[in-house]
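Me: I am new to this structure and would like to learn how to read it. Could you take me through it one feature at a time?

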Amino acid sequence: MIGAAALFWIVTAWPNGAFAITFTTIVVTLLAPRADEAYALAFGFSVGVGLGTVGAAIIGFAALPTVETFLGFSIMIGLYLIPVGAGVAQPWQTATFIGMTYNFIPLLAPANQMTYDTVQFYNSALAIAAGSVAGALSFRLLPPLSPAFRTRRLLALSLRDLRRLATDPARWARKDWEGLMHTRIGALPDAAEPLQRSQIMTALSVGSEVINLRRIAPQLGLGAELDAALAALAQGHGAAATARFAGLDRRLAALAESGPQAFLALRTRAMVLLVRDALVQHGAYFDAGEGA
């Protein structure tokens with residue numbers, strides 16, 4: 001859409017085409033990340049641009065010619081900007097109020113020596129409105145992916161990365177894994193089902209515990225058993241992974257009963273039980289797709 005606005009500017013040699021491109025870019029780049037909310041927000045922004053044009057025209061052609069001092073100028077633009085700025089700060093129709101502020105100063109174009117050129121004003125207003133509407137139209141012509149598709153994609157990516165982590169946990173730092181997963185959890189659409197939210201949260205917990213287990217298991221002489229369990233997890237063999245984690249749990253239970261490493265074994269057993277229970281509770285998710 002930005003390219004189309006630029007092409008239209010070149011073909012028509014429109015003097016105010018740069019304004020149209022600028023506002024098309026603002027709408028597209030700022031609102032595209034809002035996905036399914038983008039069109040509604042862009043529409044509200046465009047309505048705000050229209051209202052802002054009316055406000056700039058009233059202040060510019062009716063109010064400012066009646067004052068001559070800087071104080072008078074400040075009062076006049078404050079009569080518009082203060083209530084509109086307060087509107088931006090509250091949650092109702094925020095996009096509309098933002099649109100009302102974005103184009104006010106560019107249209108008013110305050111200067112020490114004010115000029116009142118109505119033709120230039122309305123040309124600029126048309127360019128800003130056209131750019132805003134074009135940006136909103138882009139979200140209709142190229143609608144965002146559906147919330148259901150985005151949710152499935154985030155779950156699939158999380159499972160893929162969890163299997164890669166199980167293949168080589170030493171290459172992952174816990175903070176990197178958790179940072180990645182927190183980003184994906186934040187990107188889940190509001191329409192995601194509770195089960196899907198539970199699955200991605202479980203993937204986060206399992207990955208964190210796998211990283212911890214890889215660090216601790218060799219100290220207890222259980223590196224080989226953990227490798228076998230993680231290999232099954234990486235291949236998407238949920239039942240085999242569950243069985244091997246259960247065997248690892250029995251070894252840890254024996255170590256936790258006595259010996260100098262009883263406390264460490266007890267802590268490790270809690271991690272193993274968390275992973276095993278996750279595999280049982282969300283077996284269909286961990287078995288989905290192809291292994292790493």
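Reply: Gladly! Let's begin with a working idea: contact means heavy atoms within 4.5 Å, and buried means under 20% relative accessible area. Keep in mind that this is a predicted model. With those two ideas we can read a helix: the buried residues of α12 pack against α10 (194-216), α11 (223-234) and α13 (262-281).

Me: Which residues of α12 are buried?

Reply: A general idea helps here. An α-helix has 3.6 residues a turn, so residues three or four places apart point the same way. In α12, the buried residues are G238, A241, T242, F245, A246, G247, L248, D249, L252 and A253.

Me: How do I compare the span of a helix with what is expected?

Reply: The expected span is 1.5 Å times one less than the number of residues. Helix α12 covers residues 238-257, 20 in number, and its first and last C-alpha atoms lie 29 Å apart, close to the expected 28 Å. For α11, the twelve residues should span 16 Å, and the end C-alpha atoms are 16 Å apart, so the two values agree.

Me: What covers the buried residues of α11?

Reply: The buried residues of α11 are G223, L226, A229, L230, A232, L233 and A234. Their cover includes α8, α10, α12, α13 and α14 (283-286). Just after α11 comes G236, with a positive phi near 80 degrees.

Me: How many residues are in the largest nonpolar core?

Reply: Think of a nonpolar core as a set of buried nonpolar residues joined through side-chain atoms within 4.5 Å. The largest one here has 40 residues, and V206, L233, F245 and F286 have the most contacts inside it. At least two residues of this core come from each of α8, α9 (174-187), α10, α11, α12, α13 and α14. The most come from α10, which gives eight. As for V206, its contacts are L162, L233, V275, A278 and F286, leaving aside neighbours within four places in sequence. Apart from this core lies another, of 29 residues, among them F45, L64, M100 and F139.

Me: Is H282 buried or exposed?

Reply: H282 has a relative accessible area of 5%, so it counts as buried. This residue sits in the loop between α13 and α14. Not counting residues up to four places away in sequence, H282 touches L195, S198, Q199 and T202.

Me: Why does A148 count as partly exposed?

Reply: Partly exposed runs from 20% to 50% relative accessible area. A148 comes out at 43%, and therefore counts as partly exposed. Its place is in helix α8 (residues 147-167). The C-alpha atoms of A148 and A191 are 7.4 Å apart, although 43 residues separate the two along the chain.

Me: And pockets? What is the volume of the largest pocket?

Reply: For a pocket, look at its volume, then at the residues that line it. The largest pocket has a volume of about 270 Å³. It is lined by 13 residues, of which V67, E68, A111, N112 and M114 are the closest to its centre. By class, that lining has nine nonpolar, three polar and one charged residues.

Me: Which residues are closest to the centre of the second largest pocket?

Reply: The second largest pocket has a volume of about 210 Å³. Among its 15 lining residues, L107, L108, A109, T115 and F121 are the closest to its centre. Two or more lining residues come from each of α3 (38-63), α6 (104-108) and α7 (118-141). The lining of the second largest pocket divides into ten nonpolar, four polar and one charged residues.

How values were computed: Residues numbered from 1 in each chain as written. Predicted model: local features only at pLDDT ≥ 70, side-chain atom pairs only at ≥ 80, totals over all residues. Heavy atoms only, no water. 1 Å grid on protein atoms, 1.4 Å probe; cavity = no way out; pocket = protein on both sides within 12 Å on 5 of 7 lines; lining within 4 Å. Points joined across faces, edges and corners; volume = space filled by probe spheres on them. Nonpolar A, V, L, I, M, F, W, Y, C, P; charged D, E, K, R; others polar. Helix = DSSP H or I, 4+ residues; strand = E, 2+ residues; numbered from the N terminus. Buried < 20%, exposed > 50% of the residue type's maximum accessible area, 1.4 Å probe, protein only.
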